[in-house]
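Subject: Structure handover

Dear colleague,

I am passing on the structure we spoke about, and my notes follow it. Please read them with the coordinates open beside you.

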Amino acid sequence: MLIHSALLALGATLAAAVQPLEVQGQYFVNPKTGNRFQIVGVAYQPGGSAGYDKAAGRDPLSDPDICLRDAALLQILGVNTIRVYNVNPDVNHDECASIFNAAGMYMILDVNSPLVGESLTSYNPWESYYAAYLNRTFAVVEAFKDYPNTLAFFSGNEVINDEKSGADVPPYMRAVTRDIKNYVKNHASRPIPVGYSAADVRDILFDTFNYFECSLEGDDDDMSKGDIFALNSYSWCGDSSFKKASYDQLVSGFKGSSVPIFFSEYGCNTPSPRIFTEVGTIYGDQMTGVFSGGVVYEYTQEKNNYGLVSMEDDGSAQLRSDYVSLEKQYSKLDFASIQGQKPPSDSTNKAPVCSSKLITTDNFNNNFTLPVPPPGAQKIIDEGVKPAPKGKLVEISNWKVKFTVKNPDGSVITNLAVKPLEDDAINSPGTNTEAGTQTSAEETTGTDSSASPSDTNAAAGLDARVLPAVAMGALALAAAAAF
Ligand SMILES: *[C@@H]1O[C@H](CO)[C@@H](O)[C@H](O)[C@H]1NC(C)=O
Ligand SMILES: *[C@@H]1O[C@H](CO)[C@@H](O)[C@H](O)[C@H]1NC(C)=O
């Protein structure tokens, strides 16, 4: 009892934090353990792009009650990273960032938004490259650079997606990357990686990669070179394979990369519901030498039908079968070994020297003379955004989810809460097993652990807490039969 309250007191005063990760060559590395890090991510944009509402002062990381609900569900699922597309640098993200941090999850932030003046345009990019635009992207850096769980910034998302944009955008995108990197260098206390998230348009994918990866005049410290490269890829659909999904081409195309490569989106939704068989391959031997994991698109169900979870305006939510399928695929993997790999010691690849020879497609830009920062921008890079909307970790006093969340079969999930992790801990499948399922109308107290279906299945080595009640019964029978 005494120990229990002492622990509680500790939990209430210590703000545990994840270890900020570093890029070492083509790997993400946890500097504390020396292990490589594989992104097990989900795209997080409740409400779709409308979840960012500038006038209302709302973005996906502005409502702590919603973040708590989602962090609990994502923690149970087993993810360690969220990607957030559209954030408002001037709203407070401290509670949401602290919740995801405590849940052992990193954040990848896009510094842009679809609003005019808040991203580089695919056509006539010179018209959108000006100081006020950059000021806004730097403000996003200010807002997130002080959270330990900020993993990376995307300087652009799918701005180059066809031959025309490939002809015009590359020098501007590379210039924006340079400006953000200079901003991070001048104003952040650690080197947070910056890079581009590409559309997997296979004809121009490797030209895009080559354009951003190379170093100008062979200078390893070239500030315009991307620190990471990611692609939104939907080539694995249904019950596919490494070859059939052309993942083999991706691995051979990115082999030898000098920067980490990962899927910034994956999860083709035809056929639907999804079975996520790519998960085993993405975290398997064929991929992990070259790739550092990926981000499933996406957390909430929106019009485009990619959701793991449906949410209602009143804050209640329901898991979709895609959540259960993804959880099942994750649970098959041995994450202790996947996340325990050391980077090979002599294997840091060197970036090629930029040259028009790297570009193979006609009309794709092969001119590496970059635009200089637009008027007024260098002053902001040097002196900082004013006022700077800095974030910081804060105490979270309540970890229990306030909203009703249901399984796909309509049964209610009980004891739904974020489990705050210890210092340096990163979330993985099986970390949060507190939740149970209420299958009857009878109220369960949730304190009798032997009565919790999740515990029953945990004891049998099965991770089935969010399976429909019927399936859980079957699993329990199967487990019983095994003894
Ligand atoms: C720069 O960004 C900050 C933070 O969003 C904002 O308050 C300020 O007005 C912006 N300045 C300019 C010149 O756009
Ligand atoms: C490359 O781009 C720069 C800047 O736009 C321009 O001055 C130069 O003429 C271009 N070089 C070639 C070979 O087109």
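Helices and strands here are DSSP runs, numbered from the N terminus, with at least four residues for a helix (H or I) and at least two for a strand (E). Please also bear in mind that this is a predicted model.

Backbone

With that numbering, E158 falls in the loop that runs between β6 (150-157) and α5 (163-168), and this residue has a positive phi of about 50° although it is not a glycine. Two peptide bonds are also worth a look: the one from S272 to P273 is cis, with omega near -5°, and the one that joins Y297 and E298 is likewise cis, with omega about -5°. P273 sits in the loop between β9 (261-266) and α9 (278-282), while E298 is placed in the loop between β10 (291-296) and β11 (309-311). I list these three places because most residues other than glycine have a negative phi, and most peptide bonds are trans.

Helix packing

Helix α4, which spans residues 131-144, packs with helix α6, residues 170-187, at an angle of about 45°, and their axes are 10 Å apart. Angles that are neither under 35 degrees, nor over 145, nor from 65 to 115 count as oblique, and α4 and α6 are therefore oblique to each other; the crossing in which α4 passes α6 is right-handed. For helix α7 (residues 202-213) and helix α8 (residues 247-254), the axes cross at roughly 20° and come within 11 Å, which makes α7 roughly parallel to α8. The crossing of α7 and α8 is right-handed.

Ligand 1

Which residues are found around ligand 1? They are D90, N135, A139, V385, K386 and P387, and by class this shell has three nonpolar, one polar and two charged residues. Two polar side-chain atoms can be named with their distances to an oxygen atom of ligand 1: one belongs to N135, at 2.3 Å, and one belongs to D90, at 2.9 Å. On its own, ligand 1 has 360 Å² of accessible area, and the protein covers 57% of this.

With best regards

Technical notes: Residues numbered from 1 in each chain as written. Chains lettered and ligands numbered in written order. Predicted model: local features only at pLDDT ≥ 70, side-chain atom pairs only at ≥ 80, totals over all residues. Heavy atoms only, no water. Near = heavy atom within 4 Å. Polar contact = N/O pair within 3.5 Å; in protein donor to acceptor, adjacent residues only side chain to side chain. Areas by Shrake-Rupley, 256 points an atom, 1.4 Å probe, with all protein chains shown as cover. Nonpolar A, V, L, I, M, F, W, Y, C, P; charged D, E, K, R; others polar. Axes fitted to C-alpha atoms, helices over the stretch in contact; angles between N-to-C directions. Left-handed = near helix turned anticlockwise from the far one by under 90°.
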